[in-house]
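Please walk through this structure with me, taking the packing of its helices before the spaces that the chain encloses or leaves open.

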Amino acid sequence: MTRTTNGPVAVLGLGTMGTGLATRLLDQGIQVRVWNRTPERTEPLARAGAFAAARPSEAVEGTSAAICTVADGDALGTVLRGPDGVLARGDYPGALICASTVAPEEVVRIAGNAPSVMDVGMLGNREHARDGELRLFVGGEERVFTAGRPLLEMLGKEVVHLGALGSGMRMKLLLNLLMGIEVQALAEAAELAAASGLDKRLVLKTIAGSGFASPVMAFKSRRLATGRFDEPDFRLRLMAKDLMLASEQAEAAGLRLPLAAAAAETHVRATEQGLGDEDCAAVTRALTPKPGSHT
């Protein structure tokens, strides 16, 4: 059985997580080939020893695994099935790891007939990716998971096989649903505190140190306290996308999820207000009262 840690490994898409994964692999002595839609993002990794490819099909040449970390289903389709895509000229012989958060059905539609494919929901931030501290939730055939596990364990401290292809995305959407609701709830509490005359920073510090706060709320409370949403850990527009995907999954299953629907609506509105490329905690700005709205 082929081990996917023999390298080289391709990383396609160099956003926050893709860059972290590529850096982790380089630090572990793995040969890395990278591609990004905007080539400028490949430059720091190229200086660190990665090979920067001009197109996805070139990036995967001679590799034992390819990790796709692009933003959405359209981008994943282009990277895999486009004219210069990984699968444009036939099957990819290595392990194809779809770590982009897309609808579970899209993973199956776009990559499902590849011979060795997994979808991986990643839990963590850029530091976790860089340090091999991610939690990884995997969908795909047992034989593919077994072959790919050594590579995944290099990238994550917890690796869980959930079942068939698409299972990793289902778990990832559930996790992002929780994060979106939790961060919005924290933002709402902070805005209500400010509107009622309480010290916003003190309220956030109190919540973060209480038993009511999850780790992600304690983490995001610092952004809400400072009002700094640049250099995002997770872009608001991506959270809006994932909340919409989770809502669509619920609708398809005949479920009514009022909190998910409300959070999706707020995040979409915040994106429409131009906050999409800021950190997801910037959803608080969609809650700020309009001037003159107080009675």
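A crossing of two helices is called left-handed if the near helix is turned anticlockwise from the far one by less than a right angle, and right-handed if the near helix is turned clockwise. With that convention in hand, and bearing in mind that the model is a predicted one, we can begin with the pair formed by helices H4 and H5, whose crossing is right-handed.

Two packed helices are described by the angle between their axes and the distance between the axes. Helix H4, covering residues 73-81, packs against helix H5, covering residues 104-111, at an angle of about 15°, and their axes are 10 Å apart. Because angles under 35 degrees count as roughly parallel, this angle makes H4 roughly parallel to H5. On the H4 side the contact is made by Gly73, Leu76, Gly77, Leu80 and Arg81, which meet Glu106, Ile110 and Ala111 of H5. Sorted by class, the residues of this contact of H4 with H5 comprise four nonpolar, two polar and two charged ones.

Further along the chain, helix H8 (residues 167-195) and helix H10 (residues 215-226) have axes that come within 10 Å and cross at roughly 45°, an angle that makes H8 oblique to H10. The crossing of H8 and H10 is right-handed. Here Met179, Glu182, Val183, Leu186 and Ala187 of H8 meet Val216, Met217, Lys220, Ser221 and Leu224 of H10, and by class this contact of H8 with H10 has seven nonpolar, one polar and two charged residues.

Helix H10 also packs with helix H9 (residues 200-208), at an angle of about 175° and with the axes 9 Å apart. Since angles over 145 degrees count as roughly antiparallel, this makes H9 roughly antiparallel to H10. In this contact, Lys200, Arg201, Leu204 and Ala208 of H9 meet Ala218, Ser221, Leu224, Ala225 and Thr226 of H10, giving five nonpolar, two polar and two charged residues by class. Ser221 and Leu224 of H10 therefore appear in the contact with H9 as well as in the contact with H8.

We can now turn from the helix contacts to the enclosed space. The structure holds one cavity of 30 Å³ or more, and about 40 Å³ of space lies in the largest cavity. Its lining is made up of Leu21, Ile67, Ile97, Ala99, Val120, Met122, Leu136, Leu152 and Leu155, with strand E6 (117-123) and helix H7 (142-155) being the elements that give two or more residues to it. What classes of residue line the largest cavity? By class, this lining has nine nonpolar residues, with no polar and no charged ones.

The open space has another character in its lining. The largest pocket has a volume of about 1,400 Å³ and is lined by 46 residues, of which Thr16, Met17, Asp233, Phe234 and Leu238 lie nearest its centre. At least two lining residues are supplied by each of helix H1 (16-27), H4, E6, H8, H10 and helix H11 (236-252), and the largest share, six residues, comes from H8. By class, the lining of the largest pocket has 19 nonpolar, 14 polar and 13 charged residues.

Among the residues nearest the pocket centre, Phe234 offers a useful place to finish. Phe234 is found in the loop between H10 and H11. The C-alpha atoms of Phe234 and Thr16 are separated by 8.0 Å, although these two residues are 218 residues apart along the chain. If its neighbours within four places in sequence are left aside, Phe234 is in contact with Asn176, Met179, Met239, Asp242, Glu278, Asp279 and Cys280; of these, Met179 belongs to H8 and takes part in the contact of H8 with H10.

Note on methods. Residues are numbered from 1 along each chain as its sequence is written. This is a predicted model: local features need pLDDT of at least 70, side-chain atom pairs count only at pLDDT 80 or more; totals for chains, interfaces and linings use all residues. Side-chain values use heavy atoms; hydrogens and water are left out. Axes are lines fitted to C-alpha atoms, for helices over the stretch in contact, and angles run from 0 to 180 degrees between N-to-C directions. Helices (H or I, at least four residues) and strands (E, at least two) are DSSP runs, numbered from the N terminus. Angles under 35 degrees count as roughly parallel, over 145 as roughly antiparallel, 65 to 115 as roughly perpendicular and the rest as oblique. Contact means heavy atoms within 4.5 Å. Ala, Val, Leu, Ile, Met, Phe, Trp, Tyr, Cys and Pro count as nonpolar, Asp, Glu, Lys and Arg as charged, and the others, Gly among them, as polar. On a 1 Å grid over the protein atoms alone, a cavity is a set of points where a 1.4 Å probe fits but cannot get out, and a pocket is an open set with protein on both sides within 12 Å along at least five of seven lines; lining residues have an atom within 4 Å of a point. Grid points are joined across faces, edges and corners, and a volume is the space filled by probe spheres set on the points.
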